[in-house]
Amino acid sequence: MLSDMRAVDGALYAAVAATPTPTLDRGFRRLSHTADHSKISFAVAAALALVPGRPRMAAVVGVGAIGVASATANLLGKRLVRRRRPDREAARVTVDRHVPMPLSASFPSGHTASAVAFATAVGVVFPPAAVPLGILASAVGYSRVHTGVHYPGDVAAGAVLGLTSGVAALSVASAAPQWRRFRTA
């Protein structure tokens, strides 16, 4: 069964690589690069932190979720699984899509884990942000496959890890005494 899943993962990667999308290539390349080190999420968190009440609490919980997701993906997941990065050249991923190939292992996608964790935590605390951040997190995940640095399975695992990290951050925050005043705000 594992070999079948790898085959499907490789076939999906190859299909994305083989599909010409010149109008999308630049945008997904920029998005993937801009999502490095959770820069987009931190910028959104900074903007939310300027507004008292739920938006500020959402920013705090969202940044905590990024920390959980990033640590779990990079310090645990990548070291345990050690999956090799895809071979962009063999798959013929067009150079217009390329971002620098990370040196870390491929599984799970840390970009996706952090983006989904942030979207999950912020979306629960501040619901008006849920849909836009969910779309953004999905786009970040797809951009990692589009640019050739992750297999779709890496992104799917990153999304599951991100969801779990977001829920964990929400659980910790809900136990804090400061949380009570924000639940009713």
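**View A. The packing of helix α2 against helix α7 in the predicted model.** In this predicted model, the axes of α2 and α7 come within 9 Å of each other and cross at roughly 110 degrees, which makes α2 roughly perpendicular to α7. On the α2 side the contact is made by L24, D25, F28, L31 and S32, and on the α7 side by L136, A139, V140, Y142, S143, R144 and H146. By residue type, this contact of α2 with α7 divides into seven nonpolar, three polar and two charged residues.

**View B. The surroundings of S32 in helix α2.** S32, which is found in helix α2, has a relative accessible area of 0% and is therefore buried. When its neighbours within four places in sequence are left aside, S32 is in contact with V99, H111, S143, R144 and T147. Two of these residues, S143 and R144, also belong to the α7 side of the contact between α2 and α7, in which S32 itself takes part.

**View C. The surroundings of R144 in helix α7.** R144 has its place in helix α7 and, although arginine is a charged residue, R144 counts as buried because its relative accessibility is 2%, below the 20% cut-off for burial. Not counting residues up to four places away in sequence, R144 touches S32, D36, R85, V99, P102, S109, H111, T112, V149, H150 and V155. Among these, S32, V99 and H111 deserve a second look in this view, since V99 and H111 are also contacts of S32, while S32 is itself a contact of R144. The C-alpha atoms of R144 and V93 are separated by 12 Å, and these two residues lie 51 residues apart along the chain.

**View D. The packing of helix α4 against helix α6.** Helix α4 (residues 54-81) and helix α6 (residues 110-125) have axes that come within 7 Å and cross at roughly 155 degrees, so that α4 is roughly antiparallel to α6. The crossing in which α4 passes α6 is right-handed. From α4, the residues R54, M57, A58, V61, G62, V63, A65, I66, A69, S70, A73 and K78 meet G110, A113, S114, A117, F118, A121, V122 and V125 of α6. The residues of this contact of α4 with α6 divide into 14 nonpolar, four polar and two charged.

**View E. The packing of helix α3 against helix α4.** The helices α3 and α4 pack at an angle of about 155 degrees with their axes 7 Å apart, and they are therefore roughly antiparallel to each other. The crossing of α3 and α4 is left-handed, whereas α4 passes α6 in a right-handed crossing. In the contact, S41, F42, A45, L48 and A49 of α3 meet P55, R56, A59, V63 and I66 of α4, and these residues divide into eight nonpolar, one polar and one charged. V63 and I66 of α4 appear here as partners of α3, and they are also listed among the α4 residues that meet α6.

**View F. The nonpolar cores.** The largest nonpolar core has 31 residues, and those with the most contacts inside it are V61, F118, V122, V125 and L133. The elements that give two or more residues to this core are α2 (22-34), α3 (39-49), α4, α6, α7 (130-146) and α8 (152-175), and the largest share, nine residues, comes from α6. A second, separate core has seven residues, including Y13, V16, V93 and Y151.

**View G. The contacts of L133.** L133 is one of the residues with the most contacts inside the largest nonpolar core. Leaving aside its neighbours within four places in sequence, L133 is in contact with V44, F118, A119 and V122; of these, F118 and V122 also take part in the contact of α6 with α4.

**View H. Backbone features in three loops.** The peptide bond from F107 to P108 is cis, with omega near -10 degrees, and P108 is found in the loop between α5 (88-91) and α6. H37, in the loop between α2 and α3, has a positive phi of about 55 degrees although it is not a glycine, and H37 counts as exposed because its relative accessibility is 70%. R82, in the loop between α4 and α5, likewise has a positive phi of about 55 degrees without being a glycine, and R82, at 63% relative accessibility, counts as exposed.

Key: Residues are numbered from 1 along each chain as its sequence is written. This is a predicted model: local features need pLDDT of at least 70, side-chain atom pairs count only at pLDDT 80 or more; totals for chains, interfaces and linings use all residues. Side-chain values use heavy atoms; hydrogens and water are left out. Axes are lines fitted to C-alpha atoms, for helices over the stretch in contact, and angles run from 0 to 180 degrees between N-to-C directions. Helices (H or I, at least four residues) and strands (E, at least two) are DSSP runs, numbered from the N terminus. Angles under 35 degrees count as roughly parallel, over 145 as roughly antiparallel, 65 to 115 as roughly perpendicular and the rest as oblique. A crossing is left-handed if the near helix is turned anticlockwise from the far one by less than a right angle, and right-handed if clockwise. Contact means heavy atoms within 4.5 Å. A nonpolar core is a set of buried Ala, Val, Leu, Ile, Met, Phe, Trp, Tyr and Cys residues joined through side-chain atoms within 4.5 Å. Buried means under 20% relative accessible area, exposed over 50%, partly exposed in between (1.4 Å probe, protein chains only).
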